[in-house]
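Reader: Could you show me the model and take me through it slowly, with the terms explained as they come up?

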Amino acid sequence: MADLEGLAEARDVKTKKVEGGAHFHLRGSAHLDWGMKNRLARIIKPDTGRTVMLAVDHGYFQGPTSGLEVMESTLEPLIPYADCLMLTRGILRSSVPPGAQVPIVLRVSGGNSVLSELSNETWNVSVEDCIRLNVSGMAMSIYVGAPYEHQTLAAFSDLIDAGYEAGIPVLAVTAIGRDMVRDSRYLSLATRMAAEMGANFVKTYYCENFERVTGTCPVPIVMAGGKKLPEIEALTMAHNAVTEGATGVDMGRNIFQSDCPIGMIKAVRAVVHYDEKPQSAIKIYRDEKTASKRGATTAKKPSPSTKKK
Ligand code: R5P
């Protein structure tokens with residue numbers, strides 16, 4: 001109950017010295033509401049302005065993907081090193097411990113498969129379920145230039161409205177139909193369209209002249225990893241992406257299909273959060289691989305607050 005005893009009057013405050021707190025670390029996000037910003041800040045770390053998202057949603061259209069056969073086994077060792085997990089609600093409920101302190105970006109689109117037309121995808125998870133699952137973001141693919149372009153863009157617009165209503169940011173994934181070329185012309189078209197339609201951040205592939213893509217998109221871009229590459233090439237791609245304006249990565253196969261997934265995610269973290277060069281980050285992967293063969297692991301997850309200048 002309210003207590004009048006011991007009531008102390010507020011002290012005078014020099015208003016000039018009070019910080020407004022208006023600054024927000026993400027491009028194009030300064031005018032969002034508090035809940036949106038708070039969720040975005042869980043996904044993209046304020047200390048470095050970057051993120052290492054772990055994408056493990058591949059099963060939604062291709063079933064048991066190599067490296068993701070038993071989700072608990074893949075996820076358990078990687079969760080401590082991921083800034084965020086991107087996955088489906090089926091895997092979240094079945095395979096992620098509710099006590100895990102990792103933000104979730106939930107894939108809320110599907111309805112297609114590798115056996116049919118890939119772009120025939122739509123919004124398939126309600127915002128109410130996203131709220132029940134306490135997600136920090138919702139992800140949907142858009143297929144610009146593909147047979148079901150309009151269907152995916154119309155569903156995306158509805159999701160944006162629902163996201164603003166609930167205060168949950170939306171990640172647009174620029175999915176590429178079979179006939180599309182992954183060049184800066186196409187990717188800047190798709191990412192800019194996503195942002196114009198209201199996406200709060202956008203996931204896209206790395207390409208030559210990537211600065212054209214990041215430079216013309218008014219909201220943060222995270223780089224998708226794509227097919228499995230040799231580790232040094234994947235680290236180089238991540239390094240180039242953040243150097244050329246990406247806010248981080250949302251990588252899957254290049255981490256969970258590596259012969260040392262923990263070493264790889266640690267190396268990716270060093271590149272993304274600490275601007276480590278690929279040639280030195282690869283040592284983190286190699287050291288971890290050597291240590292894991294001996295049944296040990298190396299360094300702990302670094303703290304973003306110690307970002308190298
Ligand atoms: C694909 O549609 C999924 O959204 C994946 O999350 C995406 O492709 C990123 O994973 P990867 O790095 O394996 O390409």
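Author: What follows is a short set of questions and answers about this structure. Residues are numbered from 1 along each chain as its sequence is written. The model is predicted, so local features need pLDDT of at least 70 and side-chain atom pairs count only at pLDDT 80 or more, while totals for chains, interfaces and linings use all residues.

Reader: What pLDDT does the protein chain average?

Author: The pLDDT is the predictor's confidence in each residue, from 0 to 100. In this chain 92% of the residues score at least 70, and the average is 92.

Reader: Over which residues is the pLDDT below 50?

Author: Where pLDDT is low, the predicted coordinates should not be read in detail. The stretch in question has seven contacts in the model beyond near neighbours in sequence (a contact means C-beta atoms, placed from the backbone, within 7 Å). Its pLDDT is below 50 over residues 305–309.

Reader: How are α9 and α11 oriented to each other?

Author: Helices here are DSSP runs of H or I with at least four residues, numbered from the N terminus. Helix α9 (residues 231–243) and helix α11 (residues 261–274) pack with their axes, lines fitted to C-alpha atoms over the stretch in contact, 9 Å apart. Their angle, taken between N-to-C directions on a range from 0 to 180 degrees, is about 25 degrees. Angles under 35 degrees count as roughly parallel, and α9 and α11 are therefore roughly parallel.

Reader: Which residues of α11 make the contact with α9?

Author: On the α9 side, the contact is made by E231, L235, A238, H239 and V242. On the α11 side, the residues are M264, A267, V268, V271 and V272.

Conventions
Helices (H or I, at least four residues) and strands (E, at least two) are DSSP runs, numbered from the N terminus. Angles under 35 degrees count as roughly parallel, over 145 as roughly antiparallel, 65 to 115 as roughly perpendicular and the rest as oblique. Two residues are in contact if their C-beta atoms, placed from the backbone, lie within 7 Å.
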